[in-house]
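Let's talk through how a few structural labels are earned. Please have a look at the sequence and the model first.

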Amino acid sequence: MPSNQWSTATSTGPSLEKDPLIPSYLRGSRLAGRLQAAHRAKHAASAAATRDNPRSGQSSGAGSLSTSSSSVNLHKPSPASHRGMTHDIIERAAPAAVYEDQPSPLPSRWSDTDKASGLELSDNGLEVRCIGLSKTSHEEAAAVRADHPMPRECGIYYFEVEVVSKNKEGLISIGFSGPKVTLSRLPGWEPDSWAYHGDDGNIFACQSSGKSYGPKYAMLDVIGCGVNFRTGSVFFTNNGNLLGNAVTLPSSKTATLYPSVGLKKSNEKLRVNFGHTPFIFDIDTLVQKERRIVMNEVNAANVSTLTSPPLSENQLIHKLIAQYLAHDGYIETARAFAEEVRQETQALTHGTGVALGMQDLEPGEDVDAIRRQKIRSAVLEGDIDQALGYMQKWYDGVFAHNENIYFKLRCRKFIEMIRRLTELQDAAAGVGPEPRPQRSGHSSTGVSSSASPAFSAKKNAAAHRGVPGTGDRPLSAATDEFDVFDHQMELDEQLGAPPGALQGNGGGAPVEGDWETVMDTSDDVGQGAGGVRRSHSNGYGHGRPVHKDSYSRLLAETLDYGKELKMEFSSDPRREVKKALEDTLALIAYDNPRESPLRELLEERGRVPVAEELNGVILVSLGRPCTSALERLVAQTEVLLGELSGDGGAGAFVNLFDEDEEKKAKEEGVGS
């Protein structure tokens with residue numbers, strides 16, 4: 001029986017879930033993506049506020065370059081996707097501007113304030129009971145509305161109500177109404193309200209006289225109410241059975257409507273399900289059917305008029321992909337793609353007598369594209385010094401007009417050094433994989449190791465002085481991370497060495513030969529941008545066992561580089577730079593940065609927005625668009641969908657960034 005299924009599913013009320021409430025039929029929708037993105041942004045802001053000011057929980061308000069509009073990544077692409085033709089074109093995050101408007105929350109409970117006095121709420125606002133109408137007033141019934149309206153952007157909205165207890169007459173009303181409708185009468189009786197009544201089974205639409213529609217309510221019945229904003233149709237269900245279209249809403253798209261119920265007799269009780277638990281009616285299938293109708297209309301559209309000369313849909317797609325690959329520097333992949341399309345076209349037209357009509361998708365010789373690809377690959381693999389060296393060699397003047405990306409690259413290098421430290425630490429403890437070899441034998445840090453470190457003595461001295469990062473405590477304030485570098489400078493001076501110098505290991509003889517490896521130096525670009533030293537002889541973990549001194553060596557180099565980074569940017573007056581610098585340098589203060597509040601900075605996906613922004617500024621410096629035609633098309637389509645879905649139109653059933661579908665596709669790909 002439906003009642004048994006329902007009682008089991010609703011044995012507990014809604015909990016304070018980590019994720020926002022999203023009913024099953026809305027999963028994968030554009031609205032769901034916006035709600036999840038807004039939730040993540042709110043969670044990140046809250047975490048940042050707590051980290052910056054743990055006592056008050058308030059943030060300093062400074063923005064972080066790590067989450068600026070140029071590097072925001074609402075959608076989480078896999079780092080592995082940024083390789084060759086399999087680069088996920090549609091996986092890229094929607095433009096930041098798309099998510100600037102916060103979506104309205106979905107209804108989650110009955111409102112404590114928007115209800116008649118004769119009603120009592122319980123179970124976190126999911127249950128409503130009539131405790132009696134006032135004898136001194138003219139109330140005919142008692143109604144309540146949900147805490148939030150039904151968002152038209154969802155396309156179809158649906159909820160269910162269980163009749164927990166009822167009077168013999170069953171004067172109960174289930175439907176929806178506007179925010180100004182009186183709560184002293186049953187929904188459906190008043191203008192701007194629609195409802196299915198349980199005493200007679202009639203449907204009432206903004207008036208006191210109804211029309212026959214469905215069966216009367218019985219005890220423990222589950223009544224569902226749904227609105228299709230695309231078509232304007234209103235439908236109800238009874239114990240999982242669709243009763244058909246009840247009424248069509250007026251064409252006005254501006255009305256705000258709330259789920260609403262009304263009761264008239266004492267002790268009548270209802271329980272609502274806004275999506276906390278599975279629905280009795282198969283609403284998912286109905287929504288999927290509506291999506292197919294919309295997608296069939298989309299697929300039937302003629303795109304040949306979009307280009308001159310006219311191109312078929314396949315030809316247009318092939319041209320967009322080829323241009324995208326060439327634009328982003330994937331020249332070899334673009335050539336492979338062009339050859340694959342050529343062979344496929346020949347196979348499809350072989351023996352048909354149809355002219356090939358081949359497109360010229362082969363990318364031309366583009367030295368800059370090859371260079372940009374090398375720079376991008378270096379950043380995506382964490383070799384920031386390689387990228388900086390390439391920039392100095394090929395695009396020396398770009399950073400002079402793009403200080404932000406230079407700052408981000410410098411911070412990213414420090415993050416990669418911290419990542420390397422954690423890898424060595426895990427390898428030594430036997431709790432993680434062996435440190436991965438670096439590309440082309442280059443160090444992930446790029447700091448010269450021609451001199452041997454004397455970090456053991458410094459570390460011991462620092463430990464006695466209470467330097468953050470040498471003990472077991474994290475930072476206590478947002479500015480403490482600078483102390484470790486200030487103390488390190490003092491220790492250098494006390495030990496008779498100039499700031500940043502690395503001497504013998506613990507005062508002993510220099511360690512020589514431990515890091516020497518035969519490697520290809522064909523890509524040697526010498527001194528890196530910004531005066532950063534490069535060495536091709538310290539390929540950490542390059543197919544060799546981890547040396548016992550490797551962690552101390554890298555830790556000393558990281559501290560030296562942190563001092564350099566601080567000295568270079570600490571005087572920058574921009575608040576977002578100060579905030580990003582604080583967050584970056586704070587990583588050194590944690591024994592296990594991967595478990596710290598700043599752990600997201602260490603994720604490999606953080607390389608992606610830096611690589612893309614760097615590629616963009618290079619293109620601009622060359623007088624080219626910073627985004628490809630395909631990316632612009634996707635961005636424009638997303639904005640258009642936002643306009644079309646705002647009033648519940650067809651755009652509500654289309655989503656370019658379906659995280660659930662992408663996750664499923666990836667899982668199937670791994671499984672195969």
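Contact here means heavy atoms within 4.5 Å. This is a predicted model, in which local features need pLDDT of at least 70, side-chain atom pairs count only at pLDDT 80 or more, and totals for chains, interfaces and linings use all residues. Residues are numbered from 1 along each chain as its sequence is written, and side-chain values use heavy atoms, leaving out hydrogens and water.

Q: Why is helix α7 called largely enclosed?
A: Buried means under 20% relative accessible area, with a 1.4 Å probe and protein chains only. In α7 (residues 384-394), 9 of the 11 residues are buried, so the rest of the structure largely encloses this helix. Among them are Ile384, Ala387, Tyr390 and Trp394. The cover over the buried residues includes α6 (367-380), α8 (403-429) and α13 (607-621). Helices are DSSP runs of H or I with at least four residues, and strands are runs of E with at least two.

Q: How do you know where the largest nonpolar core lies?
A: Such a core is a set of buried Ala, Val, Leu, Ile, Met, Phe, Trp, Tyr and Cys residues joined through side-chain atoms within 4.5 Å. This one has 61 residues, and Trp110, Val128, Phe176 and Ile283 touch the most other members. Domain 1 (1-105) and domain 2 (110-284) both contribute residues, so the core lies between them. The domain bounds come from an automatic or database domain assignment.

Q: What makes β7 and β8 a pair?
A: Pairing takes at least two DSSP bridges between two strands. β7 (residues 193-197) and β8 (residues 202-205) run antiparallel and are joined by 3 bridges.

How values were computed. Buried < 20%, exposed > 50% of the residue type's maximum accessible area, 1.4 Å probe, protein only.
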